[in-house]
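Subject: A structure for you to look through

Hello,

I am passing on a structure that I would like you to open and look through slowly, with the notes below beside you. Please read them in order, and go back to the model whenever a residue is named.

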Amino acid sequence: NTEVALDRAEIHMSILEQELFSQFDTDGDTNLSVEEVRKGLLPLGYTAEETLDIVSAADLNQDGVISFDEFRHSLLGMISDGLSARRANMLSKCVEEERNRWDRAERKWYQEGFPDHSP
């Protein structure tokens with residue numbers, strides 16, 4: 001059923017977004033500081049100046065931090081639409097690796113007969 005497949009894809013994407021946000025949110029305060037975004041984007045090849053521009057544009061309510069909603073609706077779009085195809089491709093690879101990790105965990109969960117915990 002196509003509708004079920006789309007629902008499942010949306011759930012997976014939401015989980016991936018939350019996991020990626022958590023990787024950026026090193027202090028666990030549920031907001032991303034400029035420094036956390038900088039540290040998250042440097043391995044993708046972004047400069048400090050580019051990071052400041054991205055944070056400024058993604059901080060929709062201008063409170064100085066990026067909330068999960070801002071991350072999801074603005075920052076991810078800016079990263080994936082990107083400042084360059086190479087950087088967007090690198091992010092896609094990271095997301096794909098995470099998606100593959102999740103799929104492997106889910107397959108293992110099914111193979112083990114649905115233990116009490118989720119994958």
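Before anything else, a cut-off is needed: a residue counts as buried when its relative accessible area is under 20%, as exposed when that area is over 50%, and as partly exposed in between. Please also keep in mind that what you see is a predicted model.

With that cut-off in hand, let us begin with Thr30, which is placed in the loop between helix H1 (2-24) and strand S1 (31-32). Because its relative accessibility is 53%, Thr30 counts as exposed. Its backbone deserves a look as well, since Thr30 has a positive phi of about 70 degrees although it is not a glycine. As background, most residues other than glycine have a negative phi. Gln62 is another residue of this kind, for it has a positive phi of about 55 degrees and is not a glycine either. You will find Gln62 in the loop between H3 and strand S2 (66-67), and with a relative accessibility of 56% it counts as exposed.

Now to the protein as a whole. There are 5 helices and 2 strands, and, read from the N terminus on, the elements follow the order α-β-α-α-β-α-α. The protein has 119 residues, of which 28% count as buried, and it exposes about 7600 Å², with carbon and sulfur atoms supplying 52% of that area. If you take the contacts between residues at least 6 apart in sequence, 51% of them join residues at least 24 apart.

How do helices H2 and H3 pack against each other? Helix H2, residues 34-41, and helix H3, residues 48-58, pack at an angle of about 125 degrees, and their axes are 9 Å apart. Because of that angle, H2 is oblique to H3, and the crossing of the two helices is right-handed. On the H2 side the contact is made by Val34, Val37, Arg38 and Leu41, while H3 contributes Ala48, Thr51, Leu52, Ile54 and Val55. Sorted by class, the residues in this contact are 7 nonpolar, 1 polar and 1 charged.

Thr51, which lies in helix H3, is a good residue to select next. Is Thr51 buried or exposed? Its relative accessibility is 1%, and therefore Thr51 counts as buried. Leaving aside residues up to four places away in sequence, Thr51 touches Val34, Val37, Arg38, Leu41 and Tyr46; among these, Val34, Val37, Arg38 and Leu41 are the residues of H2 that were named for the contact with H3.

A second buried residue is Glu17, whose place is in helix H1. With a relative accessibility of 11%, Glu17 counts as buried, and, again not counting residues up to four places away in sequence, it touches Phe68, Phe71, Arg72 and Leu76.

Finally, there are two pairs of residues that are worth finding in the sequence and then in the model. Ser33 sits in the loop between S1 and H2 and is partly exposed, with a relative accessible area of 26%. Ser33 and Ile66 are 33 residues apart along the chain, and their C-alpha atoms are separated by 6.6 Å. Gly40, for its part, is located in helix H2 and is partly exposed, with a relative accessible area of 21%. Which residue is 16 residues apart from Gly40 in sequence and 5.5 Å apart in space, C-alpha to C-alpha? That residue is Phe24.

When you have gone through these notes, please write back with any questions.

Best wishes

Methods: Residues numbered from 1 in each chain as written. Predicted model: local features only at pLDDT ≥ 70, side-chain atom pairs only at ≥ 80, totals over all residues. Heavy atoms only, no water. Axes fitted to C-alpha atoms, helices over the stretch in contact; angles between N-to-C directions. Helix = DSSP H or I, 4+ residues; strand = E, 2+ residues; numbered from the N terminus. Parallel < 35°, antiparallel > 145°, perpendicular 65-115°, else oblique. Left-handed = near helix turned anticlockwise from the far one by under 90°. Contact = heavy atoms within 4.5 Å. Nonpolar A, V, L, I, M, F, W, Y, C, P; charged D, E, K, R; others polar. Buried < 20%, exposed > 50% of the residue type's maximum accessible area, 1.4 Å probe, protein only. Areas by Shrake-Rupley, 256 points an atom, 1.4 Å probe, with all protein chains shown as cover.
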